[in-house]
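Open your viewer and set the display to a cartoon. We will go from stop to stop, selecting a few residues at a time.

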Amino acid sequence: GGATQASLLRGRGDLKNARLEFQAELPDTSSVHLRASAIERLGFRVRPDADKTGLRVKAIGDEFRARDTPIVEYNLRQERFRRPLYKITPGDRIRKVNGSETFSDMIRELHWASDHESELRLSLERDLFDVL
């Protein structure tokens, strides 16, 4: 079969270690309504990373039903500013939540944010060849 664009790029070495790292500054969490779980109120679901030390984004809330959640609001804002690469996407690794880096601390920060009006800052990471 023909080589994909991604494998060609990877073969040329353009994408060696191509990794996007970005901070998502979310709107405050005051508009968060009751949803199935505390973290879902933020507009996404998370799962443990394969090595159980980190977190990954598992799913993003629906753009209509979850429109008032901080994550979906943030993503819509990236669309408006034509920065689709910086949208939070399933599979993204969450490296930090408000500066916390361990699995349990990140989960605790997410729960806290869903219960209080608070600033939520996520540091995310994505391997770019995964998205080509």
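Here is a tour of the chain, starting with the overall layout and ending with a few residues worth selecting on their own.

**The whole chain**

Keep in mind throughout that this is a predicted model. Colour the cartoon by secondary structure, and you should find 3 helices and 5 strands. Trace the chain from the N terminus and the elements come in the order α-β-β-β-α-β-α-β. Of the 132 residues, 39% are buried. The fold also brings together distant stretches of sequence: among contacts between residues at least 6 apart, 70% join residues at least 24 apart.

**Helix 3**

Select residues 103-115, which make up helix 3. From its first C-alpha to its last, this 13-residue helix reaches 19 Å, close to the 18 Å expected at 1.5 Å a residue. Now show the side chains of Met 106, Leu 110, Ala 113 and Ser 114, the buried residues of helix 3. Why do they share a side of the helix? They cover an arc of only 100° around the axis, which puts them on the same side of helix 3. As a rule, an α-helix has 3.6 residues a turn, so residues three or four places apart point the same way.

What lies over that buried side? Add strand 2 (44-48), strand 3 (55-60), strand 4 (93-97) and strand 5 (120-127), which are among the parts covering the buried residues of helix 3.

**Leu 110 and the nonpolar core**

Stay with Leu 110 and show its neighbours. Leaving aside residues up to four places away in sequence, Leu 110 touches Ile 39, Leu 42, Phe 44, Val 46, Leu 55, Val 97, Leu 120 and Leu 122.

Next, widen the view to the largest nonpolar core, a set of 21 residues. Which residues have the most contacts inside this core? Select Phe 44, Ile 88, Ile 94, Leu 110 and Leu 122. The elements giving two or more residues to the core are strand 1 (19-26), strand 2, strand 3, helix 2 (70-80), strand 4, helix 3 and strand 5. Strand 1 gives the most, with 4 residues.

**Helix 2 and the turn-off after it**

Move to helix 2 and select Pro 70, Ile 71, Val 72, Tyr 74, Asn 75, Leu 76 and Gln 78, which are buried. These buried residues pack against strand 1, strand 2, strand 3 and strand 5.

Just beyond, select Arg 82, which follows helix 2 and has a positive phi near 55°, although Arg 82 is not a glycine. Arg 82 belongs to the loop between helix 2 and strand 4. Is Arg 82 buried or exposed? With 73% relative accessibility, Arg 82 counts as exposed.

For a companion stop, select Asn 98, in the loop between strand 4 and helix 3. Asn 98 is another residue other than glycine with a positive phi, here near 50°. Its relative accessible area is 26%, so Asn 98 is partly exposed.

**The aromatic pair**

Now select Phe 22 and Tyr 86. The structure holds 1 aromatic pair, and these two residues form it: their rings are edge-to-face, 5.5 Å centre to centre, with 85° between the planes. Phe 22 lies in strand 1 and Tyr 86 in the loop between helix 2 and strand 4, so the pair ties together parts that are 64 residues apart in sequence. Phe 22 counts as buried, at 6% relative accessibility, whereas Tyr 86 counts as partly exposed, at 28%.

Before leaving Tyr 86, add Arg 83 to the selection. The charged end of Arg 83 sits over the ring of Tyr 86, 4.6 Å from the ring centre.

**Arg 93 and Asp 49**

For the last stop, select Arg 93 in strand 4. Arg 93 is a charged residue to look for inside the model, since a relative accessible area of 8% makes it buried. What does Arg 93 touch, not counting residues up to four places away in sequence? Show Arg 19, Asp 49, Leu 55, Arg 56, Ser 123, Leu 124, Glu 125 and Asp 127. Of these, Leu 124 is 31 residues from Arg 93 in sequence, yet 5.5 Å away in space, C-alpha to C-alpha.

Finish on Asp 49, in the loop between strand 2 and strand 3. Asp 49 is buried, with a relative accessible area of 8%. Beyond residues up to four places away in sequence, Asp 49 touches Gly 54, Leu 55, Arg 56 and Arg 93.

Terms used: Residues are numbered from 1 along each chain as its sequence is written. This is a predicted model: local features need pLDDT of at least 70, side-chain atom pairs count only at pLDDT 80 or more; totals for chains, interfaces and linings use all residues. Side-chain values use heavy atoms; hydrogens and water are left out. The expected span of a helix is 1.5 Å times one less than its number of residues. Buried means under 20% relative accessible area, exposed over 50%, partly exposed in between (1.4 Å probe, protein chains only). The arc is that of the directions from the helix axis to the C-beta atoms. Contact means heavy atoms within 4.5 Å. A nonpolar core is a set of buried Ala, Val, Leu, Ile, Met, Phe, Trp, Tyr and Cys residues joined through side-chain atoms within 4.5 Å. Rings of Phe, Tyr and Trp (its six-membered ring) pair if their centres lie within 6.5 Å; planes under 30 degrees apart count as stacked, over 60 as edge-to-face and the rest as tilted. A charge sits over a ring if NZ of Lys or CZ of Arg is within 6 Å of the ring centre and within 35 degrees of the ring normal.
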